[in-house]
Amino acid sequence: MTLGEFLSDRLLRIMIQLLCVTLAGLFLWATGTQLGVLVILILALLLVFAAVQLSDFFRQRARLRELEAILDGLDQKYLFADCVPSPKKLYERRLFDLNRRAGRAMTGAVSDAQASQREYREYVEQWVHEVKTPITAARLICRELDGDTRRKLTGELARIEEHVERALFYARAESPERDCVICQTGLSELVTQAVGNHRTLLIQSGVRVETEGLERSVYTDEKWAVFILGQLLQNAARYRSEDPVIIISVRLLGKQAQLTVSDNGIGIPAHELPRVFDRGFTGSNGRVRGGSTGMGLYLCKKLAGFLELGLDISSEEGKGTTVTLTFPTKEAL
């Protein structure tokens with residue numbers, strides 16, 4: 001708080017006090033008080049008035065600095081009202097009491113919301129695991145059908161499984177530390193798992209996957225990394241062009257390994273590229289082709305941030321898209 005802010009806040013009070021001093025001076029002058037005495041009295045009143053205002057200013061500034069220091073020193077800022085020293089003045093004590101009551105009510109509401117969110121997340125995870133059983137059973141039933149029907153149903157089941165998996169990882173993304181294990185993993189293993197998980201979609205879409213130089217180990221969580229790669233493969237298959245090809249390659253960059261997933265698909269318009277990681281953004285391609293939820297790349301970005309992986313995307317409309325994941329290698333640790 002500056003002196004100008006203090007005076008501005010008390011402007012009306014100061015004007016009233018100066019008016020009272022002026023009226024008192026006029027009254028004394030009208031009653032025959034000598035001019036010299038009157039000037040001395042007015043100067044004395046003004047000095048006392050200025051001293052009181054300065055005293056209040058320094059006292060309030062010191063109090064604010066004390067409160068700011070207490071707030072800055074707290075890890076849990078919402079406990080501020082319970083940690084400050086008890087105020088001396090009645091008005092300030094009542095004000096802080098109201099703040100404490102409001103803070104406790106807010107803490108209770110937040111705790112209830114967190115508990116509700118945790119229960120919902122646990123329910124979603126349980127539901128996902130349960131729904132995988134009938135999906136697996138449906139896959140087994142499909143084996144007894146003829147070729148064309150079997151192919152169509154298998155494709156639809158694969159799409160259902162993709163959405164179910166995305167729902168599971170979305171629920172887990174709220175607290176990924178509970179399900180995250182960082183260890184040394186081979187990039188070839190990650191790519192093999194991701195391609196295997198989406199083999200049906202890639203085959204039915206006629207996508208050819210080519211790999212280059214994946215014999216490299218990195219440090220990451222295998223499950224989360226495979227999910228991210230799976231989302232990239234799904235996008236490449238969904239927004240494919242004729243004779244679609246996905247090229248997965250690795251490039252060493254100092255103490256990091258950059259895994260690049262490139263396709264020759266329809267690409268992303270330049271004006272939409274900055275928004276592709278936004279939650280729920282589908283873009284013009286997603287609206288035209290349908291089936292897009294706008295959650296895939298959003299989850300990739302969120303999980304990559306938690307895993308401290310670099311995630312960059314470049315694209316040219318009509319020529320294809322390139323996504324680069326940057327992993328730490330053994331030398332980086």
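This report covers a surface patch, two helices and a set of paired strands. The model is predicted.

**Nonpolar patch**

L18, W29, L35, V39, L43 and L46 make a nonpolar surface patch of about 580 Å². Two helices, α2 (11-30) and α3 (35-72), each supply at least two of its residues. The biggest giver is α3, with four residues. W29 belongs to helix α2. Its relative accessible area is 56%, and exposed means over 50%, so W29 counts as exposed.

**Q53 in α3**

Helix α3 also holds Q53. Here the relative accessible area is 7%. Buried means under 20%, so Q53 is buried. Which residues touch Q53, once its neighbours within four places in sequence are left aside? They are F6, R10 and Q17.

**Helix α5**

Helix α5 runs over residues 90-142 and has 53 residues. At 1.5 Å a residue, α5 should span 78 Å. Its end C-alpha atoms lie 77 Å apart, which agrees. The buried residues of α5 are F96, R100, G103, R121, V124, E125, V128, V131, I135 and C142. The list takes in charged side-chain types, among them R100, R121 and E125. What covers these buried residues includes α3, α4 (80-83) and α6 (147-172). Helix α3 thus appears both in the cover of α5 and in the nonpolar patch.

**Strand β7 and its partners**

Strand β7 spans residues 320-328. Is β7 enclosed or open to the outside? Seven of its nine residues are buried, so β7 is largely enclosed by the rest of the structure. Strands β5 and β6 both pair with β7, as set out below.

| Partner of β7 | Residues | Bridges to β7 | Direction | One bridge pair |
|---|---|---|---|---|
| β5 | 256-263 | seven bridges | antiparallel | S262 with T322 |
| β6 | 310-316 | seven bridges | antiparallel | G310 with T326 |

In the β5 pairing, S262 stands opposite T322 of β7. In the β6 pairing, T326 of β7 is the bridge partner of G310. β6 and β7 also form a hairpin, with three residues between the strands. G318 sits in that turn and has a positive phi of about 85°.

**In brief**

Helix α3 gives four residues to the patch and also holds buried Q53. Helix α5 has the end-to-end distance expected of its 53 residues. Strand β7 is joined to β5 by seven bridges and to β6 by seven bridges.

Technical notes. Residues numbered from 1 in each chain as written. Predicted model: local features only at pLDDT ≥ 70, side-chain atom pairs only at ≥ 80, totals over all residues. Heavy atoms only, no water. Patch = residues over 30% accessible without salt bridge, like charges linked within 9 Å, V, L, I, M, F, W, Y side chains within 5 Å. Areas by Shrake-Rupley, 256 points an atom, 1.4 Å probe, with all protein chains shown as cover. Salt bridge = Lys/Arg side-chain N within 4 Å of Asp/Glu carboxyl O. Buried < 20%, exposed > 50% of the residue type's maximum accessible area, 1.4 Å probe, protein only. Expected span 1.5 Å × (residues − 1). Contact = heavy atoms within 4.5 Å. Pairing = 2+ DSSP bridges.
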